There are 2 protein chains.
Amino acid sequence: MDFITVERKVLRKNDELAAENRARFNGAGVYVLNLLSSPGAGKTTLLEQTIRLLDGRPRAAVVEGDVQTDHDARRIAATGAPVVQIVTNGACHLEAKLVQDALGSLDMDGVELLLIENVGNLVCPASFDLGEHKKVVIASTTEGADKPVKYPKVFRVSDVCLLNKIDLLPHVDFDVDEFLNYARTTNPDLRFFQTSARTGEGLEPWVDWLRDNAPGRS
Amino acid sequence: MDFITVERKVLRKNDELAAENRARFNGAGVYVLNLLSSPGAGKTTLLEQTIRLLDGRPRAAVVEGDVQTDHDARRIAATGAPVVQIVTNGACHLEAKLVQDALGSLDMDGVELLLIENVGNLVCPASFDLGEHKKVVIASTTEGADKPVKYPKVFRVSDVCLLNKIDLLPHVDFDVDEFLNYARTTNPDLRFFQTSARTGEGLEPWVDWLRDNAPGRS
């Protein structure tokens, strides 16, 4: 009982800080996405490729969230995009406060699109608003097709779903239609992109969608 | 501060219940493994294949942990092994109490090996003792090779590490030596098996290890 009360307090405080973040993003005309997935679904490779394809239109920056290491921030830095690494030191998700603090170390000058890569975890991050405009869930063809019903919350709170690693479809037992059906059952409003961050297949429609949503926002 | 105190209380209570579970397992001569991995690393397929290869020597039972659905328990039931499904209803890990309650619904008659499939999550389950004798972490070749340093705790608390999906090595950019080095840096005492639950490759040494550890235990 105590635990539930404390948890509610934590979530309420988080929501307040997320609202502050969102007001700040809106004031600066920055469109913000919160990217969620299992560990190893390909979020960082997707971000590397996306930033290269965007080619500054819109100008993107990245917040990297990891339990440990700055490996991912280094990979993003190599693309030339501004990036800041949050190391959660064991915590299983990002919170609005961590993002707020991290923004102090990020060069947001001229940035129109902020991509937040959450900790690889299909459960906990779904409960924490960071102040983003939309959540994007990334699944991959090497996971089971029933993930949307086994981990429903993250699919329910997301607006966009990327099915990544489609280059591996010939080598795995993954039924794309079954996955899409499960995902639509969980959230009929999901918008889908099928991608391979590794080969680049399917990335153009995703990048077009980013361009349609990010620029000129106020 | 409140939050940390409550969390400690929860962990202490969990440790007490885990000790009760372990005493019960020891009394009954049951060897217990807690299987941990990202969503989609292949835990359930591995269990299906392992149970078929064990062929009753030792006699195995399974506790399935999932956020939602009984899909995995149905798959295990098809092997003929006793199985019980724990649905956590949103919670990101199993706890000792959930396992204790679930045992009431499991036919443990003659069971010598209990395999607990935790919720697919590389972070939170690592902090909760269920009363098992050993933790087994399952990584897969479709995840990044640096997972052991990005999610160190689960590799640190495990005794055994399975690298699964080795059938996909020709199709992914995964450096096995890099992975093993990262894992050994995190935990020098880890014992490794390289497997493909899908093709059966590499499963015999793992099954032999189970036979060496599970039977005749008291």
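**Exercise 1. Is B:Phe179 buried or exposed?**

Solution. The model is predicted.
Step 1. Take the cut-off: buried means under 20% relative accessible area.
Step 2. B:Phe179 has 1% relative accessibility, so B:Phe179 counts as buried.
Step 3. Turn to B:Phe174. At 10% relative accessibility, B:Phe174 counts as buried too.

**Exercise 2. Describe how the rings of A:Phe174 and A:Phe179 are arranged.**

Solution.
Step 1. The structure holds ten aromatic pairs over all chains. A:Phe174 and A:Phe179 form one of them, with 5.7 Å centre to centre and 45° between the planes.
Step 2. Planes under 30 degrees apart count as stacked and those over 60 as edge-to-face, with the rest tilted. The A:Phe174 and A:Phe179 pair is tilted.
Step 3. In chain B, B:Phe174 and B:Phe179 also form a tilted pair, at 5.7 Å and 45°.
Step 4. Widen the view in chain A. A:Phe155 joins A:Phe174 and A:Phe179 in one aromatic cluster.

**Exercise 3. Find the fold unit that contains strand S2 of chain A.**

Solution.
Step 1. S2(A) spans residues 60-66 and S3(A) residues 83-87; they pair in the parallel sense over five bridges.
Step 2. Check one bridge: A:Val63 has A:Val84 as its partner in S3(A).
Step 3. Add helix H3 of chain A, residues 71-77. S2(A), H3 and S3(A) make a right-handed β-α-β unit.

**Exercise 4. Work out how chains A and B are related.**

Solution.
Step 1. Chain B superposes on chain A by a rotation of 180° with 0.0 Å of shift along the axis, at RMSD 0.0 Å.
Step 2. The two copies are thus related as by a two-fold rotation axis.
Step 3. Of the interface residues of chain B, 100% are also interface residues in chain A, so the copies meet through the same surface.

**Exercise 5. Trace salt bridges that join the two chains.**

Solution.
Step 1. Over all chains there are 20 salt bridges. One of them links A:Lys150 and B:Asp72 at 2.8 Å, N to O.
Step 2. A:Lys150 lies in helix H5 of chain A and B:Asp72 in helix H3 of chain B, so this pair joins two chains. Both A:Lys150 and B:Asp72 are buried.
Step 3. Next, B:Arg198 bridges to A:Asp173, with the closest N and O atoms 2.8 Å apart. B:Arg198 sits in the loop between S7 and H8 of chain B, and A:Asp173 in the loop between S6 and H7 of chain A, so this pair also joins two chains.
Step 4. Compare burial. B:Arg198 is partly exposed at 40% relative accessibility, whereas A:Asp173 is exposed at 66%.

Conventions:
Residues are numbered from 1 along each chain as its sequence is written. Chains are lettered from A and ligands numbered from 1 in the order in which they are written. This is a predicted model: local features need pLDDT of at least 70, side-chain atom pairs count only at pLDDT 80 or more; totals for chains, interfaces and linings use all residues. Side-chain values use heavy atoms; hydrogens and water are left out. Two strands pair if DSSP finds at least two bridges between them. Helices (H or I, at least four residues) and strands (E, at least two) are DSSP runs, numbered from the N terminus. A crossover is right-handed if, with the strands pointing away from the viewer, the path from the first strand over the helix to the second runs clockwise. Rings of Phe, Tyr and Trp (its six-membered ring) pair if their centres lie within 6.5 Å; planes under 30 degrees apart count as stacked, over 60 as edge-to-face and the rest as tilted. Buried means under 20% relative accessible area, exposed over 50%, partly exposed in between (1.4 Å probe, protein chains only). Copies are superposed by least squares on the C-alpha atoms of residues with pLDDT of at least 70 in both. Contact means heavy atoms within 4.5 Å. A salt bridge is a side-chain nitrogen of Lys or Arg within 4 Å of a carboxyl oxygen of Asp or Glu.
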